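Colleague: I am new to this structure and would like to understand how its labels are earned. Could you take me through the reasoning step by step?

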Amino acid sequence: MVLCFHGHSITHWEDVQALKQFINGVHSDSMAPGSCLASWDFSVDPCDSLSGDKFTCGIRCDVVISGVTRVTELTLDQAGYTGSLASSWNLPYLQTLDLTNNYFTGSIPGSFSRLTRLQRLSLSSNSLNGSIPDSVGAFPDSLEELLLDNNNLQGPIPPTFNSLTSLKRLELQGNRLSGEFPELSQLSNLYFLDASNNAISGELPSTYPGNLIELTVRNNSLQGNIPASLLNNSVYLQVLDLSYNNLTGTLQPELFTHPSLEQLVLAYNRFRWVQVPGNWGRNSELIAVDLSNNDIHGFLPGFLGWMPKLSALSLENNKFSGMIPTQYALKAVTASPAGVAPFERLLLGGNYLFGLIPGPFLQLKSGSGVTIRLGDNCLYECPQSFYFCGGGVQKSLVECKTFSPVIP
């Protein structure tokens with residue numbers, strides 16, 4: 001609820017007309033008693049009535065020029081309103097429009113371009129459909145947050161987004177967007193981008209906004225590898241989640257030596273190899289790495305056990321073979337020196353690891369605060385009496401020898 005009272009002010013007549021147009025597009029039977037829109041009564045002046053029982057919530061007003069009051073915010077409650085957004089949207093002083101978690105339908109109106117001072121537009125979790133119009137590039141360049149997530153939007157992500165040069169946060173997740181991911185390098189202020197749970201295909205673009213902190217494009221149909229430019233240009237990147245795609249190739253060493261990356265989530269792809277960084281990741285900022293459910297071959301990457309801040313590592317359900325590096329066990333069990341994080345979560349199940357369980361693991365008891373999974377491997381002995389051997393018996397000797405003939 002947003003309230004603002006100016007006893008001396010009169011709402012500009014254009015704003016009153018725009019509010020009337022908006023509410024006329026909302027189905028009256030969706031305005032439940034007690035909801036914001038149920039209280040709107042245009043027999044009184046909207047901005048002069050915000051402290052009473054009329055216009056109890058939904059708008060904010062501010063005095064702007066010569067004592068004239070303009071509507072600067074329209075934020076509805078999550079009351080299940082239905083209707084369309086087909087309106088003139090002639091609210092030139094509106095800074096925030098938030099209709100989150102309702103049931104508005106129809107397309108995104110191009111008339112939003114009239115909201116020339118808009119800074120935040122949230123249409124999250126409605127039932128909007130159609131494509132994102134190219135006219136999104138004509139939205140005001142003051143726009144800093146654009147939230148279109150969890151609707152039924154279709155079609156490509158228009159490259160005209162590049163015109164929104166003040167944009168800092170862009171959320172497109174939970175739609176049915178398709179086509180290739182566009183280059184958005186002109187969005188120099190963008191720090192958060194989420195396009196998860198769509199149908200985006202093709203390869204990742206070669207250029208990115210330089211100030212990105214979080215990039216999430218999980219659960220799409222991306223192909224190819226991660227371009228080196230993503231890591232080289234986005235020097236402030238802290239979170240990279242590209243899980244549940246069709247990415248392939250070798251995981252580059254820059255992923256593990258990036259100067260700011262803290263969370264790397266690449267699970268459920270088709271990566272095949274991990275390239276060892278030159279300094280073994282000893283300067284890495286990574287805290288959590290998830291490479292599970294890929295097709296990664298070779299020995300477990302020993303350098304991951306030397307990364308000072310890494311506390312959560314999942315390598316489950318790959319094709320790793322060989323023995324568990326002693327450093328993995330030591331990082332999970334022994335007291336770490338100052339500035340070095342121990343493993344709190346180490347998931348190695350579903351591979352082809354063989355040999356004996358590293359001795360340090362045998363010190364661990366259930367409830368020790370360390371989650372370890374070693375099930376469904378080729379270990380010599382891993383009885384389920386050890387809590388970290390549960391969750392899956394070891395593979396058969398026949399299967400283990402077929403994959404790794406060096407197993408005795």
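Colleague: Why does Trp89 count as buried?

Modeller: Please keep in mind that this is a predicted model. Buried means under 20% relative accessible area, and Trp89 has 2% relative accessibility, so Trp89 counts as buried. The relative accessible area of Phe22 is also given as 2%, so Phe22 is buried by the rule that asks for under 20%.

Colleague: What makes the aromatic pair of Phe22 and Trp89 tilted?

Modeller: Rings pair if their centres lie within 6.5 Å, and planes under 30 degrees apart count as stacked, over 60 as edge-to-face and the rest as tilted. The centres of Phe22 and Trp89 are 5.4 Å apart, with 50 degrees between the planes, so the two rings form a pair and that pair is tilted. Phe22 belongs to helix H1 (residues 13-24), while Trp89 lies in the loop between strand E4 (82-84) and strand E5 (96-98), so the pair links distant parts of the chain, 67 residues apart. Both residues also belong to a cluster linked by ring pairs, which includes Trp40, Phe42 and Phe55.

Colleague: Why is the pair of Tyr244 and Tyr268 called stacked?

Modeller: The planes of Tyr244 and Tyr268 stand at 10 degrees, and planes under 30 degrees apart count as stacked, so the pair earns that name, with ring centres 4.3 Å apart. Tyr244 sits in the loop between strand E17 (239-241) and strand E18 (246-251), and Tyr268 in the loop between strand E19 (263-265) and strand E20 (270-274), so the pair ties together parts that are 24 residues apart in sequence.

Colleague: How do you know whether Tyr244 is buried or exposed?

Modeller: Buried requires under 20% and exposed over 50%; Tyr244, at 34% relative accessibility, falls in between, so Tyr244 counts as partly exposed. Tyr268 has a relative accessible area of 37%, and is therefore partly exposed as well.

Colleague: What makes strand E22 and strand E28 edges of the sheet?

Modeller: The open sheet has 4 strands in the order E22-E24-E26-E28, with parallel pairing. Strand E22 (297-299) and strand E28 (378-379) each have a single partner strand, so one side of each is left without a neighbour in the sheet.

Colleague: How do you know that E26 and E28 pair?

Modeller: Two strands pair if there are at least two bridges between them, and strand E26 (residues 352-355) shares 2 bridges with E28 in the parallel sense, so the requirement is met. Within this pairing, Leu379 in E28 is the bridge partner of Gly355.

Notes
Residues are numbered from 1 along each chain as its sequence is written. This is a predicted model: local features need pLDDT of at least 70, side-chain atom pairs count only at pLDDT 80 or more; totals for chains, interfaces and linings use all residues. Side-chain values use heavy atoms; hydrogens and water are left out. Rings of Phe, Tyr and Trp (its six-membered ring) pair if their centres lie within 6.5 Å; planes under 30 degrees apart count as stacked, over 60 as edge-to-face and the rest as tilted. Buried means under 20% relative accessible area, exposed over 50%, partly exposed in between (1.4 Å probe, protein chains only).
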